[in-house]
Amino acid sequence: MLTKQFANFPRLPARLLRAATAACLLLFVAAEASGEGVEARLESSSVRLGETVRLVIESDTRQSAGPDLGVLDRDFDILGRQRHSSMSVINGQRRERHSLVLTLTPRRAGLLEIPPIAVGDAVTDPLQLAV
């Protein structure tokens, strides 16, 4: 009886069905890959001159080379560095997070920009700090 209900639907050629399946698989892989990356955040959006602020750089992948921190030299002194790693398994999916926490002090007052920081092939978004 079920066969009679679907008798009027056209059958897809096997080639088209394989192409559609491959396209769906590629979209899934691309969506998973886009989840990997690097992000940066400041623990405060404003500080006074002479105070410190923490910059946190997080990544889904462990990088053999650390981030390029030379871009911070113009406006900031780096007073401290801490590395943290965590791993979790949820519903059989393993996820790693690697963090670098920098304690910064601004060298001047004003609206300062933390420029994009390269971490491997990924780059963080720029951030602003009011001093």
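## Exercises on a four-stranded sheet and its salt bridges

Arg95 is partly exposed, its relative accessible area being 49%. The exercises below work outward from this residue in a predicted model.

**Exercise 1.** Find the salt-bridge partner of Arg95, and state which parts of the chain the pair ties together.

*Solution.*
Step 1. The side chain of Arg95 meets that of Asp60 in a salt bridge, with 3.9 Å from N to O. The cut-off for a salt bridge is within 4 Å, so this pair is counted.
Step 2. Arg95 belongs to strand 4, while Asp60 sits in the loop between strand 2 and strand 3, so the salt bridge ties together parts 35 residues apart in sequence.
Step 3. Decide whether each partner is buried or exposed. Buried means under 20% relative accessible area. Asp60 has 16% relative accessibility and therefore counts as buried, whereas Arg95, at 49%, is partly exposed.
Step 4. Salt bridges with shared partners join Arg95 and Asp60 into one network with Glu39, Arg41, Glu58 and Arg97.

**Exercise 2.** Give the strand order of the open sheet and name its edge strands.

*Solution.*
Step 1. The order of the four strands is 1-2-4-3, and the pairing is antiparallel.
Step 2. Strand 1 (38-42) and strand 3 each pair on one side only, which makes them the edge strands.
Step 3. On average, neighbouring strands of this sheet are turned by 20° against each other, direction ignored.

**Exercise 3.** Describe how strand 4 pairs with strand 2 and with strand 3.

*Solution.*
Step 1. Strand 4 (residues 93-106) runs antiparallel to strand 2 (residues 53-59), and seven bridges join them. In this pairing, Val56 stands opposite Val101.
Step 2. Strand 3 (residues 76-90) is also antiparallel to strand 4, with 14 bridges. Arg83 has Leu100 as its bridge partner in strand 4, and Ser88 stands opposite Arg95.
Step 3. Two residues lie between the strands in the hairpin of strand 3 and strand 4, where Asn91 takes a positive phi near 55°.

**Exercise 4.** Which salt bridges do Arg107 and Arg108 form, and where do their partners lie?

*Solution.*
Step 1. Arg108 pairs with Asp75, and their closest N and O atoms are 2.9 Å apart. Arg108 is in the loop between strand 4 and strand 5, and Asp75 is in the loop between strand 2 and strand 3, 33 residues apart.
Step 2. At 6% relative accessibility Asp75 is buried, while Arg108 is partly exposed at 35%.
Step 3. Arg107 forms a salt bridge with Asp77, the closest N and O atoms being 2.7 Å apart. Here Asp77 is in strand 3 and Arg107 in the loop between strand 4 and strand 5, a separation of 30 residues.
Step 4. Both members of this second pair are partly exposed: Asp77 has a relative accessibility of 32%, and Arg107 has a relative accessible area of 46%.
Step 5. By the same distance rule, the count comes to ten salt bridges.

**Exercise 5.** Locate Ala109 and list what it touches, leaving out residues up to four places away in sequence.

*Solution.*
Step 1. Ala109 lies in the loop between strand 4 and strand 5 (111-114).
Step 2. With that exclusion, Ala109 touches Leu49 and Val131.
Step 3. The C-alpha atom of Ala109 is separated by 9.4 Å from that of Asp75, 34 residues apart along the chain.
Step 4. Ala109 has a relative accessible area of 47%, so the residue is partly exposed.

Terms used:
Residues numbered from 1 in each chain as written. Predicted model: local features only at pLDDT ≥ 70, side-chain atom pairs only at ≥ 80, totals over all residues. Heavy atoms only, no water. Pairing = 2+ DSSP bridges. Axes fitted to C-alpha atoms, helices over the stretch in contact; angles between N-to-C directions. Buried < 20%, exposed > 50% of the residue type's maximum accessible area, 1.4 Å probe, protein only. Contact = heavy atoms within 4.5 Å.
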